[in-house]
Amino acid sequence: IMSQPCLPIPRHHPKRKRRRNASKEDYDDSTPTGGGASFDNIETMDATEYLFRVVQQAKDLPDVFVAEEETFNQQESLSDPNFVPIDGSAASLSYLLSGRTQLMPPPSIHHLPQDCNRWMEQSIANFESLRHYLTTCKEQGIGGKKTKRLAFPGMKDQDGWLTFCLGPNWNDAVEEQQQSDAHDIMIHNMADNETIATESTTTEDSIPLWKRGIPEKGHDPWVRIILQIDQVLLRRVLAHVGHFLCNDLDEDEKSRQKQQAARHSHALKWMYSLLARLEFPIHRDDASMLYQLLKALTRARSCLVLLPANNNKTSTATTNSEQELRERLAQWNLLIVLIGVFFEQGGGVANLMTCADGQ
């Protein structure tokens, strides 16, 4: 059977460019150019005729459509107080120019340890030794299922994990503590001993197992606790503690109370211990969180104001406060080196441990 077109469709048609402001009559389907492909009464058409008219109408369309150039008056738009080029661009621009998206260098050489290169090598060597020690303890069964284990909060329970690590008052929950004390006083003042025993048992049973016996300052990151945490749970706890530190580092160091400073130092110890168990390769979510923490650490270090080392006119209280600031600065520098150099999130030592004045 010889192949032949089923529809008598002409193969050639004039190609034209359609102007945007062209009138409707220029492209009317009823004109000879359109081949009479109109759809006046589609109900009386069969399928073949309908397809023929669709093809004819498609062939009448130009290959290229030329749009008119639209003029944009930038001066008038900028003068309008309600003009917003892109939704949210003002906030994004303010954030990008605020310096919160970059790593901040130390403001002076006093913010760095003496013999910085040797100190970094020794710190990383000690950290590697700790990682090796924890691996050896894990192979020996410490923290395993056959050993004494602690009850943990839920994996996604951020408040629970911060309570476990930093203590019940990690968020200065004074009101909750007062309510708890008032409840205890009410129980002890009741006359009926049987009612007291019943309510005490009910209250004790309602407390989660992991919440019983938590120290005031939270659990210390002992080896058996760190080894009891597997890698999946460790990533969650790392995110919880890292989020707390990022928010806590935005506070003014000199305005911290003694209890807040101790809690901050305890959180830094937990972060150091968790990083010692974090295995390679690092997940992208963990890398993002570590970079956010690294930015917060360098930003807090750049804002820290230290007294000159040879200032002999300071009082004993000022000296003690200055010593606490320098101890906290040493903890920050340690985490900055570990996150930025050991875990390779800082782009090199020069971005982290070179002073702003180039010294």
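Is C137 buried or exposed in this structure? In this predicted model, C137 is buried, with a relative accessible area of 4%. The points below place that cysteine beside another one, and then turn to the nonpolar core and to a nonpolar patch on the surface.

**Cysteines**
- Whereas C137 is buried at a relative accessible area of 4%, C303 is exposed, and its relative accessible area is 59%.
- When the whole structure is searched for disulfides, the number found is 0.
- As general background, a disulfide is a covalent bond that links the sulfur atoms of two cysteines.

**Nonpolar core**
- The largest nonpolar core is made up of 60 residues, and within it the residues with the most contacts are L274 and L275.
- Several helices give two or more residues to this core, among them helix 4 (116-139), helix 9 (231-248), helix 10 (258-277), helix 11 (284-303) and helix 12 (316-342).
- Helix 12 provides the largest share of this core, namely 9 residues.
- Leaving aside residues up to four places away in sequence, L275 touches F127, R131, L238, L290, L335, I339 and F343.

**Surface patch**
- On the surface, I42, Y50, L51 and V54 make a nonpolar patch of about 340 Å².
- One of these patch residues, I42, lies in the loop that runs between strand 1 (18-19) and helix 1 (47-59).
- I42 has a relative accessible area of 47% and therefore counts as partly exposed, a value that is over the 30% required of residues in such a patch.

Key. Residues are numbered from 1 along each chain as its sequence is written. This is a predicted model: local features need pLDDT of at least 70, side-chain atom pairs count only at pLDDT 80 or more; totals for chains, interfaces and linings use all residues. Side-chain values use heavy atoms; hydrogens and water are left out. Patches are made of residues with over 30% relative accessible area and no salt bridge: like charges are joined within 9 Å, nonpolar side chains (Val, Leu, Ile, Met, Phe, Trp, Tyr) within 5 Å. Accessible areas come from the Shrake-Rupley method with a 1.4 Å probe; for residues, only the protein chains shown count as cover. A salt bridge is a side-chain nitrogen of Lys or Arg within 4 Å of a carboxyl oxygen of Asp or Glu. Helices (H or I, at least four residues) and strands (E, at least two) are DSSP runs, numbered from the N terminus. Buried means under 20% relative accessible area, exposed over 50%, partly exposed in between (1.4 Å probe, protein chains only). A disulfide is a pair of cysteine sulfur atoms within 2.5 Å. A nonpolar core is a set of buried Ala, Val, Leu, Ile, Met, Phe, Trp, Tyr and Cys residues joined through side-chain atoms within 4.5 Å. Contact means heavy atoms within 4.5 Å.
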